[in-house]
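Got the viewer open? Here's a short walk through the model, one selection at a time.

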Amino acid sequence: MARKLGSGGLALLLSLLFGMGALRASTTEMIVSDPRSGAALYGIDPVSYFIEGKPQEGRDDYELRFGGLVWRFASAANRAAFEASPALYVPEFGGYDPLAIEEGYPVPGNPALFAIAGDKLFLFSSVEHRERFLANVPARTKAARAQWEEVKKKLVP
């Protein structure tokens, strides 16, 4: 189910990241990350999508190293949930857009453009990609999975 981002500081952060002069996610990482800080998902708490139904900015005092990156969380409880079962919370395809993966290339997803489908978190680079994905989740997921191994080779430096 796709959810809309509310207003506030997170919306401002994401508009700065993805608006004019946007930072580019590292495309050498298996997980979408901020190339300046090294924070996975630009510092967004991955557990918040499942608990709050929307992305929340993680805090420096609730960090965890996993998969070579720093992950930030909005609370100690969210950090503990991730630490206990990271596979439940790490976005599918590392946060790269599944429709772009289906076409054979890695495009970082925007943390504000997301969907939870089949208990998995997916991030998208555009509203159009999210809508196309949600119109046929099983087929789009299968197609992206078929290309993922080849696309991952483009992520390795």
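A residue counts as buried here when its relative accessible area is under 20%. Keep in mind that you're looking at a predicted model.

Start with the whole chain selected. Of its 157 residues, 45% are buried. Switch on a surface and you have about 7900 Å² of accessible area, with 53% of that belonging to carbon and sulfur atoms.

Now go to cartoon and colour by secondary structure. You should find 7 helices and 6 strands. Trace the chain along the sequence and the elements come in the order α-β-α-β-β-β-α-α-α-β-β-α-α. If you draw contacts between residues at least 6 apart in sequence, 57% of them join residues at least 24 apart.

Next, select residues 59–66 and 69–73. These are strands β3 and β4, which pair in the antiparallel sense over 5 bridges. Which residue of β4 is the bridge partner of Glu63? Click across and you land on Arg72. Then slide to the turn: β3 and β4 make a hairpin with 2 residues between them. Pick Gly67 in that turn and check its backbone, where phi is positive, about 60°.

Last stop: select residues 127–135, helix α6, and show the side chain of His129. Is His129 buried or exposed? His129 counts as buried because its relative accessibility is 12%, and the cut-off for buried is under 20%. To see what surrounds His129, skip its neighbours within four places in sequence and show its other contacts: Asp97, Leu99, Ala100 and Phe124.

Definitions and conventions
Residues are numbered from 1 along each chain as its sequence is written. This is a predicted model: local features need pLDDT of at least 70, side-chain atom pairs count only at pLDDT 80 or more; totals for chains, interfaces and linings use all residues. Side-chain values use heavy atoms; hydrogens and water are left out. Two strands pair if DSSP finds at least two bridges between them. Helices (H or I, at least four residues) and strands (E, at least two) are DSSP runs, numbered from the N terminus. Buried means under 20% relative accessible area, exposed over 50%, partly exposed in between (1.4 Å probe, protein chains only). Contact means heavy atoms within 4.5 Å. Accessible areas come from the Shrake-Rupley method with a 1.4 Å probe; for residues, only the protein chains shown count as cover.
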